[in-house]
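Hi,

Here is the structure I promised to pass on. Have a look at it first, and then read my notes underneath.

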Amino acid sequence: MRVVIDADACSGNGRCYSLVPELFTDDESGYGQVVDGGEFGEGQRELAEKAVRACPEDAISIEEG
Amino acid sequence: MDDTSAETPMAASLADLSMATAEERTAIWSLMASAGPVFQIPGGMWMVTDPAGVQYIHRNPDLFSNVGIIGAGELPIRYVPSGVDPPEHRRYRKILDPMLAPRVVNAMEEELRVQARDLVSSFAGRGSCDAVKELAVPYPTSVFLSVFGLPVDDRDRLVHWVETMIEKSPQLKPEFAEEYTKASWELYDYLLPFVEAKRENPGDDMLSAIIAGDGEDAMSNEEVLGICILFCLAGLDTVTGAVGFMLFYLARNPELRRRIIADPSLVNPAIEEVLRLEPPAPMFPRIVTQDVEICGVPIAAGDRVMMCLAAVNRSAETYDEPNGIDLDQADRGHVTFGGGVHRCLGSHLARREMRLVMEEFHKQIPEYEIAEGFEPEIMWPSGTLHLRSLPLVFPPAIGGDA
């Protein structure tokens, strides 16, 4: 699966990298970035879903395949 | 949704309601949500309680403007950045976001921790304190002064000017204008010499960093002072509110408090739940720039919309326990810091201030309760909510200053 942040919707709340540092990191302005190009195994699905839920802008999505 | 524009008795008397107790606030936000996703109140203001409606407003700053929502009075300043719209707004946030990003806050943490510790030490040995007047009020002002490289000894003067500007806003009552104007000029006259001095001799602080911009990042005094004064109006009283509410809920939930003290991983979830339940700025306005529809309700250009963030934060569709603290739902997000391009610039700093206060308070005062006979007071109507006082009693800490 691939985790994607919609850069237009992201407003830098920082919930993703605060709650799920395994999959996300902060840039120098405090905006979220996915690590490893966003490509993660099934074992990380729960973490990815946590970030999707936590984002107040609904800016994070999981693409299958 | 045919009746969404109906005037409700609740809305008509919003200003007359009391916001003082947690139960009253719960009743008010529930009533607002039940009045409809979008409804108009006497005077013409549109209230938006629907989560998708609020997100639509946040995501479309071209349709919903921030220009003119904060009056500068007669000061020669621009309220940068939250009184400015895109595309100009982007320039300011590009400069300011990195100055308050988490990694910058990390670098300041030790200094900010010492300030929290010193305030707690000042009353820990006494066995009682007013957690609002002795901690929640002075702390964010000390933090502002040190972040901006200003003398922390000036704290109480600054608290006085800012309190006056917020509590005596002419937007609340026209007759406040004189007192408001006096305080706002005093704050301006206090800040201006520092801005001028730091242009000559920059220090290692945020004010110097703002002033240091050159080329297209160069800032006029009008802009720099607008940033400083906006930080004071948006970043002090709100943190006072958040810290006061945090200690209020911790004081009245000893089981929750003991769980958090025993397991530090619960500190941040507890902070998120307090922020969700008690947003210090519970409603936030925008001005409609062209005819639009929100949740199917037509709204005309020039009208004002008020986003009811507190109601969105208590949506029963999102939270199992909308009106109470439940650490298991702390990862579901909230809109206390707004959203879209105007998301609170100071959110990372505010969260850190709350955490440092909680940690330093609990290190010295793990057991405490609200003093008998406490009657909560909250000024309302107001743009921001905070407890005026929170008397706590506790076993005196050994080694604290009595």
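Below is what I found, going from chain A to the contact between the chains and then into chain B. Keep in mind that this is a predicted model.

Let's start with chain A. It has two helices and four strands, and along the sequence they come in the order β-α-β-β-α-β. The radius of gyration is 10 Å, close to the 11 Å that the globule rule gives for 65 residues, so chain A is as compact as a globular protein of that length. Its C-alpha trace spans about 30 × 20 × 15 Å along the principal axes. Of the 65 residues, 37% count as buried. If you take the contacts in chain A between residues at least 6 apart in sequence, 59% of them join residues at least 24 apart.

Now for where the chains touch. Chain A puts 16 residues into the contact and chain B puts in 17 residues. On the chain A side, helix H1 (15-19) and helix H2 (45-54) are the elements that give two or more residues, and H2(A) gives the most, with three residues. By class, that side of chain A has four nonpolar, six polar and six charged residues.

One residue I'd click on is B:Val341, which sits in the loop between helix H15 (309-312) and helix H16 (347-364) of chain B. Is B:Val341 buried or partly exposed? It has 19 other C-beta atoms within 10 Å, and buried takes 20 or more, so B:Val341 counts as partly exposed. Leaving out residues up to four places away in sequence, B:Val341 touches A:Ser11 from chain A, and B:Pro61, B:Pro86, B:His89 and B:Arg93 from chain B. B:Arg93 is 248 residues away along the chain, yet the two C-alpha atoms are separated by 8.5 Å.

That loop leads to H16(B), so to speak, and the helix deserves a look too. Its 18 residues should span 26 Å at 1.5 Å a residue, and the end C-alpha atoms are indeed 26 Å apart. Of those residues, 14 are buried, so H16(B) is largely enclosed by the rest of the structure.

Finally, see how helix H5 (residues 102-124) of chain B packs on H16(B): the angle is about 40° and the axes are 8 Å apart. The crossing is right-handed. Among the residues that meet there are B:Leu112 and B:Ala116 in H5(B), and B:Leu356 and B:Phe361 in H16(B). By class, this contact has 10 nonpolar, three polar and six charged residues.

Cheers

Terms used:
Residues are numbered from 1 along each chain as its sequence is written. Chains are lettered from A and ligands numbered from 1 in the order in which they are written. This is a predicted model: local features need pLDDT of at least 70, side-chain atom pairs count only at pLDDT 80 or more; totals for chains, interfaces and linings use all residues. A residue is buried if 20 or more other C-beta atoms lie within 10 Å of its own, exposed if 12 or fewer, and partly exposed in between; C-beta atoms are placed from the backbone. Two residues are in contact if their C-beta atoms, placed from the backbone, lie within 7 Å. Ala, Val, Leu, Ile, Met, Phe, Trp, Tyr, Cys and Pro count as nonpolar, Asp, Glu, Lys and Arg as charged, and the others, Gly among them, as polar. The expected span of a helix is 1.5 Å times one less than its number of residues. Axes are lines fitted to C-alpha atoms, for helices over the stretch in contact, and angles run from 0 to 180 degrees between N-to-C directions. A crossing is left-handed if the near helix is turned anticlockwise from the far one by less than a right angle, and right-handed if clockwise. The radius of gyration is taken over C-alpha atoms; the globule rule is 2.2 Å times the number of residues to the power 0.38.
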